[in-house]
Amino acid sequence: MTEGRLILTGEEMRRALTRIAHEVVESNKGLDGLTLVGIRRRGVPLARRIADAIASFEDASVPVGALDINLYRDDLTSRPQPLVRPTELPSGIEGKAVVLVDDVLFTGRTIRAALNALMDLGRPRIVQLAVLVDRGHHELPIRADYVGKNVPTSLDEIVEVRVPEVDGVEEVAIVERVKAVST
Amino acid sequence: MQRRRHVLDLDDFSRDEITALLDSADAMRELLSRSIKKAPSLRGKVVLTLFLEPSTRTRVSFEQAGKMLSADVINISGSGSSAEKGESLLNTALTLQAMHADLIVIRSPHSGAPYFLARNLQRMGVVNAGDGRHAHPTQALLDLMTMRHHIGELEGKRVVIVGDVLHSRVARSDVFGLQALGASVVLCGPPTLIPLDLLHGSEGESLPDVNIEHDLDRAIEDADAVIALRIQQERQGAGMLPSMREYTRRWQVTEGRYRRAKPGALLMHPGPMNEGVEIASSLAHGPGSQIEEQVTNGVAVRMALLYQLLTGGQEEAAE
């Protein structure tokens with residue numbers, strides 16, 4: 001039983017991520033120097049899905065890293081304190097084509113923080129952005145290079161991407177903000 | 001959970017709070033290992049360190065921790081400050097608070113000094129970096145972090161603390177931290193240097209997992225970790241120790257004694273060491289020694305603590 005209004009089923013999520021995987025390989029003209037970096041938490045399992053999809057049709061593996069952006073947030077003094085987790089970039093990012101992966105693109109502030117965090121770790125050749133859902137309401141000049149689904153939303157809504165690793169199910173739903181607080 | 005403003009000792013820390021801090025310290029260690037050791041999370045925060053006693057590792061690691069998270073860190077020592085002209089500790093602290101510092105880290109020879117400041121400062125947080133013979137909570141946290149990293153969860157583990165427990169603020173805070181995480185503690189040393197009050201909690205209740213064993217050969221049997229304390233020559237009253245030679249013979253952690261502990265047992269020391277007194281030199285620099293790692297973890301744990309005290313609320317943000 002899905003909580004909220006379902007906008008992507010598990011199957012639709014899989015198809016969207018597979019399409020993104022093809023687009024990433026096509027626009028980078030192969031896998032040379034390519035590395036996927038998921039933004040904690042839910043960007044990481046999504047990055048792994050994209051890497052798995054690439055492995056299934058290209059017969060080669062793409063490194064997957066995990067980026068924690070909490071030390072780079074611009075709202076550290078105005079909201080509950082997030083837990084800091086380690087950043088893991090096994091293959092490094094120096095000179096690489098980095099595809100940042102996140103679940104939802106909303107204000108763009110998380111991506112701004114991710115870009116700063118990334119630049120402190122090295123100098124990638126190029127940085128691209130893949131998101132499963134672009135919900136609009138951007139507050140910064142940031143856009144995604146690869147989008148699973150564009151979803152118009154109101155500010156009272158929250159887009160929840162659920163992945164088995166964190167939530168036990170695979171789907172995307174929209175819930176009302178008031179309701180989300182109680183869950 | 002109420003947001004914490006001060007860190008005075010570990011006796012008011014729950015297991016969950018310690019665990020969350022150590023998790024965060026693990027993440028900070030990753031930042032420490034980067035080539036650019038800097039993140040902007042404490043930009044615009046002012047951290048003061050007021051050290052009224054000599055210290056290398058604690059003072060430098062607080063300073064380094066603050067700077068890596070982009071706080072502005074200002075160091076004040078006893079000599080060269082108004083303390084030398086006779087200004088009271090409270091007036092010094094009020095002056096510093098009036099300059100809009102966010103946090104003061106204090107090391108004092110007087111037990112209880114940080115508590116006194118915490119009671120009297122309305123806007124500035126206080127972190128105890130060692131007060132007299134009372135408490136040294138950040139040292140205990142780095143000890144816990146080091147142990148957890150190597151031997152996993154501390155529940156049911158056996159930790160021996162040997163040496164001058166009486167004068168040791170490290171031992172006192174270690175006991176509270178180890179208790180909170182469910183480890184059992186054996187205190188070992190000459191009877192004159194083992195305070196009996198450590199067998200009881202702050203409410204006077206007895207602590208079943210804290211025991212005293214004066215014979216180091218017996219105490220060290222099956223230990224998962226051994227913490228050797230510094231013989232504090234500057235704090236020894238007359239008659240506390242029979243003689244240094246006798247102390248060394250009976251309570252030095254030697255190769256032979258270390259072999260009685262569990263294979264791979266951790267050897268720790270809060271520093272500075274008197275090599276050849278409380279610990280054999282060969283062990284201090286041997287494979288079981290965590291002494292340098294303790295120093296590294298000290299920076300990470302202090303980063304985690306500053307981050308916790310100087311940013312947001314406490315519950316994890318809903319994503």
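**View 1. Chain B comes in two parts, domain 1 (15-134 + 297-310) and domain 2 (137-294).** Keep in mind that this is a predicted model. Domain 1 of chain B is written as two stretches, 15-134 and 297-310, while domain 2 of chain B is the stretch 137-294. Go from the C-alpha centre of one domain of chain B to that of the other and you cover 25 Å. Where the two domains of chain B meet, domain 1 puts in 19 residues and domain 2 puts in 19 residues.

**View 2. Here we zoom in on the side of domain 1 of chain B that touches domain 2 of chain B, where α1, β4 (125-131) and α11 of chain B each bring at least two residues.** Which element gives the largest share of this side? That would be α11(B), with six residues. Sorted by class, this side of domain 1 of chain B holds eight nonpolar residues, six polar ones and five charged ones.

**View 3. Helix α5 (residues 137-151) of chain B packs against α11(B), with 8 Å between their axes.** The angle between these two helices is about 115 degrees, and α5(B) passes α11(B) in a right-handed crossing. On the α5(B) side, look for Thr138(B), Leu141(B), Leu142(B), Asp143(B), Met145(B) and Thr146(B). Facing them from α11(B) are residues including Glu293(B), Asn297(B), Val301(B), Arg302(B) and Leu305(B). Taken by class, the contact between α5(B) and α11(B) has six nonpolar, five polar and three charged residues.

**View 4. Chain A meets chain B, with 17 residues coming from chain A and 22 residues from chain B.** On the chain B side, α1 (15-32) and α11 (291-310) each chip in at least two residues. Who gives the most on this side of chain B? It's α1(B), with six residues. The side of chain B that touches chain A is a mix of eight charged, seven polar and seven nonpolar residues.

**View 5. Now for chain A as a whole, with its five helices and eight strands.** If you follow the sequence, the elements of chain A come in the pattern β-α-β-α-β-β-α-β-β-β-α-β-α. The radius of gyration of chain A is 16 Å, close to the 16 Å that the globule rule gives for 183 residues, so chain A is as compact as a globular protein of that length. Along its principal axes, the C-alpha trace of chain A spans about 45 × 40 × 30 Å.

**View 6. Chain A has an open sheet of five strands, in the order β3-β2-β4-β5-β6, with parallel pairing.** Strands in a sheet pair through backbone hydrogen bonds, either parallel or antiparallel. At the edges of the chain A sheet are β3 (64-67) and β6 (146-150), each pairing on one side only. Ignoring direction, neighbouring strands of this sheet are turned by 25 degrees against each other on average.

**View 7. A closer look at one strand pair of chain A shows β2 (residues 34-39) and β4 (residues 97-105) running parallel, joined by five bridges.** What stands opposite Gly38(A) in β4(A)? The partner there is Val101(A).

**View 8. Helices α1 (residues 10-27) and α3 (residues 109-121) of chain A lie across strands of chain A.** Helix α1(A) lies across β4, β5 (126-134) and β6 of chain A, and runs at about 150 degrees to β6(A). Helix α3(A), for its part, lies across β2, β3, β4 and β5 of chain A and runs at about 155 degrees to β4(A).

Technical notes:
Residues numbered from 1 in each chain as written. Chains lettered and ligands numbered in written order. Predicted model: local features only at pLDDT ≥ 70, side-chain atom pairs only at ≥ 80, totals over all residues. Contact = placed C-beta atoms within 7 Å. Helix = DSSP H or I, 4+ residues; strand = E, 2+ residues; numbered from the N terminus. Nonpolar A, V, L, I, M, F, W, Y, C, P; charged D, E, K, R; others polar. Domains from an automatic or database assignment. Axes fitted to C-alpha atoms, helices over the stretch in contact; angles between N-to-C directions. Left-handed = near helix turned anticlockwise from the far one by under 90°. Pairing = 2+ DSSP bridges. Rg over C-alpha atoms; globule rule 2.2 N^0.38 Å.
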